Amino acid sequence: MSFTTQVKEEVLALRDTDRSQLSAIIKMSGSLGLTGKGLTLSILTENAKIARHIYSLLESLYASQPDIRYHQKTNLKKNRVYTVFVDQDVETILSDLQLADSFFGIETGIEQRVLENDEAGRIYLRGAFLASGSIRDPESGKYQLEIFSVYQDHAEDLAQLMRKFMLDAKVIDHKNGSVTYLQKAEDIMDFLLVIGAVAAKATFEEVKVMREARNDLNRTTNAETANITRTVTASMKTINNIIKIMDTAGLDILPAELQQVAQIRVDHPEYSIQQIADNLEIPLTKSGVNHRLRKINKIADEL
């Protein structure tokens, strides 16, 4: 199950029977038709549970008895497309939800009541997400929440509604419409709380924390590996230089304090600079040992 589906199923479990949610779903996924008997309303979704939820909303709010139909997509995808089809009292439903204007191109934004009322706004956002929302799986490490709108002013109103809840929502033009989106992990988690998906928020946060912990560990490991590599490289260079001195002029050409450092370095190539310092007859600081090793390397370079 995708993370988006997980969120939608949690929202569906809230069992809303509010007009604001139905309004969002119809505005974003509905289309009108005209027959000899009058207007028809078709609401499309690829999720069977959402189709049943829309059916329940229409039944409980308007005593409507819609049909649920489905067809297979014609492309290679295996998804079914479900249509909740209403052919009775469509004008009454649209009028009650104040949606009629949006279908005739006069008004396509979000009703002012929804924008001004926090609870209605939360429920509308639930419907909007059910209709056309998606969230990138947090395991990917690239956080993105998107809600697609056919109408740009509706996308802008969605962003305005999200900002009411302190979410940094933005809008971008998209093929055949506009997308309202969130990119910050904190905003996405807050959005999940706003729409009541508390369990999904906890899952998102857990995955995010685990990813960050793994990334921190990887960075630490990489840094330590790089340090070890640098240390080993420097150590081998010095050991090769000491062997060069031994094979050409002998260690006797070195001052006594350099001879001791050179001998410990050759005898114990695994020693750190601190361990070399601790094993000198007269203990020395790390910087003191490094200074003497640099002198040895310089002498070897001059031979």
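Modeller: Contact means heavy atoms within 4.5 Å. The model discussed here is predicted.

Biologist: Across which strands does helix 7 lie, and at about what angle does helix 7 run to strand 5?

Modeller: Helix 7 lies across two strands, strand 5 and strand 6. Its direction is given relative to strand 5, and that angle is about 80°.

Biologist: Which strands stand at the edges of the sheet that holds strand 5?

Modeller: The sheet is open, has 4 strands and pairs them in the antiparallel sense, in the order 5-6-8-7. An edge strand pairs on one side only, which applies to strand 5 and strand 7 (170–174).

Biologist: By how many degrees are neighbouring strands of this sheet turned against each other on average?

Modeller: The order of the strands is 5-6-8-7. With direction ignored, the average turn between neighbours in this sheet is 25°.

Biologist: Which residue in strand 8 does Glu146 stand opposite?

Modeller: Strand 6 pairs with strand 8 (residues 177–182) over 5 bridges, in the antiparallel sense. Across from Glu146, in strand 8, is Tyr181.

Biologist: At about what angle does helix 8 run to strand 8?

Modeller: Helix 8 covers residues 152–164 and lies across strand 6, strand 7 and strand 8. Relative to strand 8, helix 8 runs at about 15°.

Biologist: Is helix 7 roughly parallel or roughly perpendicular to helix 9?

Modeller: The axes of helix 7 and helix 9 (residues 185–194) are 9 Å apart, and the packing angle is about 110°. Angles of 65 to 115 degrees count as roughly perpendicular. Therefore helix 7 and helix 9 are roughly perpendicular.

Biologist: How do the residues of the contact of helix 7 with helix 9 divide into nonpolar, polar and charged?

Modeller: Helix 7 brings Arg122, Leu125 and Phe129, which meet Phe191, Leu193 and Val194 of helix 9. The contact divides into 5 nonpolar, no polar and 1 charged.

Biologist: Why is one side of strand 1 and of strand 3 left without a neighbour in the sheet?

Modeller: These strands belong to an open antiparallel sheet of 4 strands with the order 1-2-4-3. Strand 1 and strand 3 (67–72) are at its edges, so one side of each has no neighbour because each has a single partner strand.

Biologist: What does the twist average from one strand to the next?

Modeller: In this sheet the strands follow the order 1-2-4-3. From each strand to the next, the twist averages 30°.

Biologist: Which residue in strand 2 is the bridge partner of Leu34?

Modeller: Strand 1 (residues 30–35) and strand 2 (residues 38–45) run antiparallel and are joined by 6 bridges. The hairpin between strand 1 and strand 2 passes through 2 residues. Leu34 has as its bridge partner in strand 2 Leu39.

Biologist: In strand 4, which residue is the bridge partner of Thr45?

Modeller: Strand 2 and strand 4 (residues 80–86) are antiparallel and pair over 5 bridges. The partner of Thr45 in strand 4 is Tyr82.

Biologist: Helix 3 runs at about what angle to strand 4?

Modeller: Helix 3 is made of residues 48–62 and lies across strand 2, strand 3 and strand 4. Its angle to strand 4 is about 10°.

Biologist: How many residues of the contact of helix 11 with helix 13 are charged?

Modeller: Helix 11 (residues 256–267) and helix 13 (residues 286–302) pack at about 90°, with axes 10 Å apart. Among the contact residues are Glu257 and Arg265 of helix 11 and Arg292 and Lys295 of helix 13. Of the contact residues, 6 are nonpolar, none is polar, and the number charged is 4.

Biologist: Which residues lie nearest the centre of the largest pocket?

Modeller: The largest pocket has a volume of about 340 Å³. Its lining divides into 6 nonpolar, 10 polar and 3 charged residues. The lining has 19 residues, and nearest the centre are Lys8, Glu46, Ala131, Ser132 and Gly133.

Notes. Residues are numbered from 1 along each chain as its sequence is written. This is a predicted model: local features need pLDDT of at least 70, side-chain atom pairs count only at pLDDT 80 or more; totals for chains, interfaces and linings use all residues. Side-chain values use heavy atoms; hydrogens and water are left out. On a 1 Å grid over the protein atoms alone, a cavity is a set of points where a 1.4 Å probe fits but cannot get out, and a pocket is an open set with protein on both sides within 12 Å along at least five of seven lines; lining residues have an atom within 4 Å of a point. Grid points are joined across faces, edges and corners, and a volume is the space filled by probe spheres set on the points. Ala, Val, Leu, Ile, Met, Phe, Trp, Tyr, Cys and Pro count as nonpolar, Asp, Glu, Lys and Arg as charged, and the others, Gly among them, as polar. Axes are lines fitted to C-alpha atoms, for helices over the stretch in contact, and angles run from 0 to 180 degrees between N-to-C directions. Two strands pair if DSSP finds at least two bridges between them. Angles under 35 degrees count as roughly parallel, over 145 as roughly antiparallel, 65 to 115 as roughly perpendicular and the rest as oblique.
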